[in-house]
Amino acid sequence: MIYVTGDIHGELYRFCDECIPGESSWTSEDKLIVCGDFGFVWYNENDYIGKRAENDKLDNLTLRPYQILFADGNHENFNEIYKFPIVEIYGGKAHKIRDNIYHLIRGEIYDIEGKSIFVMGGAYSIDKSMRQKNISWWEQENPNDAEYKNAISNLEKSNFKVDYIISHTAPSEIIRIMGYHPDTHDAELTGFLDWVMYETNFKRWYFGHWHTDEILELKNNEKCFRAIFNDVCELMNSD
């Protein structure tokens, strides 16, 4: 079974039956996809205490029999994530963090349990002014040209048809439906996601970032979106 949840921010307590009903009974056949802000790869190598605590958390997650797959959010240490080896998994490329933990690379399409899943992480940090570059904020938070080209290329190969889409932030039109104003600093990414939304045939789109749990639909359109934060949904039954 494939499950989806939202921003975890390196909080180990989220991995328990109280937060994920039935988590203790999951097996090697199960997968959990995190829609960005995974946050368990955060500290730089020169922060010995932080790095040691982080590795302890990752080692704890390694004890889980199921796989943890995460798109990146804006609150990630990209410098550290990019140090991990790139491997082929489910027909796409990913950074292997641990034997059961993988970072899903922007623009890739994965075939998991017979379901095609397009992933596009990243977002703009509105709290950037309160953070330190390469300490608590990293400039790779938004996609670059190569990542956009990779996304377009893979969507073209799929004839713009996938089963599911996983992102961190949402298309600007969906942000407005939630009652927010899209940030102009994020316009390139949210605008790109608007394009993906209208060009691509998909069943459901999951995204995090907004720290809310709700189902959203475009008027006069069958496409359905799932903003997800604390909820944990089965991919096929996400209400």
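Lys133 forms a salt bridge with Glu139, the closest N and O atoms being 3.5 Å apart. A salt bridge is taken here as a side-chain nitrogen of Lys or Arg within 4 Å of a carboxyl oxygen of Asp or Glu. Lys133 is partly exposed, at a relative accessible area of 46%; in this report buried means under 20% relative accessible area, exposed over 50%, and partly exposed in between, with a 1.4 Å probe and protein chains only.

The model is predicted, and local features need pLDDT of at least 70, side-chain atom pairs count only at pLDDT 80 or more, and totals for chains, interfaces and linings use all residues. Residues are numbered from 1 along each chain as its sequence is written, and side-chain values use heavy atoms, with hydrogens and water left out.

## Salt bridges

By the stated rule, the count comes to 14 salt bridges. Three of the pairs are listed below.

| Pair | Closest N and O atoms |
|---|---|
| Glu113 and Lys31 | 3.0 Å |
| Asp72 and Arg106 | 2.8 Å |
| Lys133 and Glu139 | 3.5 Å |

The pair of Glu113 and Lys31 links distant parts of the chain, 82 residues apart: Glu113 is in the loop between strand 7 and strand 8, and Lys31 is in strand 2 (residues 31-35). Helices (H or I, at least four residues) and strands (E, at least two) are DSSP runs, numbered from the N terminus. Glu113 is partly exposed at 36% relative accessibility, whereas Lys31 is buried, with a relative accessible area of 8%.

Both partners of the salt bridge between Asp72 and Arg106 are buried: Asp72 has a relative accessibility of 1% and Arg106 one of 2%. Asp72 lies in the loop between strand 3 (67-71) and helix 2 (78-81), and Arg106 in the loop between strand 6 (101-104) and strand 7, so the pair ties together parts that are 34 residues apart in sequence. In addition, Lys51, Glu54, Glu80 and Lys83 are linked in a network of salt bridges.

## Helix 3 and helix 5

Helix 3 (residues 145-157) has 13 residues and should span 18 Å at 1.5 Å a residue; its end C-alpha atoms are 18 Å apart, which agrees. The expected span is 1.5 Å times one less than the number of residues in the helix.

Which residues of helix 3 are buried? They are Glu147, Tyr148, Ala151, Asn154 and Leu155. These residues cover an arc of only 135° around the axis, which puts them on the same side of helix 3; the arc is that of the directions from the helix axis to the C-beta atoms. The face turned away from the buried side of helix 3 carries the exposed residues Asp145, Ala146, Lys149 and Lys157.

The buried residues of helix 3 pack against strand 7 (109-112), strand 8 (115-120) and helix 5 (187-199), where contact means heavy atoms within 4.5 Å. At the N-terminal end, Asn144 caps helix 3, with a side-chain oxygen 3.1 Å from the backbone nitrogen of Ala146. Just after helix 3, Asn159 takes a positive phi of about 55°.

For helix 5, the expected span of its 13 residues at 1.5 Å a residue is 18 Å, and the end C-alpha atoms are 18 Å apart, which agrees. The buried residues of helix 5 are Leu189, Thr190, Phe192, Leu193, Asp194, Val196 and Met197. What covers them includes strand 8, helix 3, strand 9 (164-167), helix 4 (172-177), strand 10 (204-207) and strand 12 (224-227).

## Cysteines

How many disulfides does the structure hold? It holds zero disulfides, a disulfide being a pair of cysteine sulfur atoms within 2.5 Å. For Cys224, the nearest cysteine sulfur is that of Cys233, 11 Å away. For Cys233, the nearest cysteine sulfur is that of Cys35, 9.2 Å away. Cys224 is buried, with a relative accessible area of 5%, and Cys233 is buried at 4%.

## Loop residues

Tyr90 has a positive phi of about 55° although it is not a glycine. Tyr90 lies in the loop between strand 4 (86-89) and strand 5 (92-98) and is partly exposed, with a relative accessible area of 24%.

Asn134, also not a glycine, has a positive phi of about 65°. Asn134 lies in the loop between strand 8 and helix 3 and counts as partly exposed at 31% relative accessibility.

Ile126 lies in the loop between strand 8 and helix 3 and is exposed, at 70% relative accessibility. Ile126 and Asn74 are 52 residues apart in sequence and 9.6 Å apart in space, C-alpha to C-alpha.

Note on methods: A polar contact is a pair of N or O atoms within 3.5 Å; within protein, one must be able to donate a hydrogen and the other to accept it, and residues adjacent in sequence count only if both atoms are side-chain atoms.
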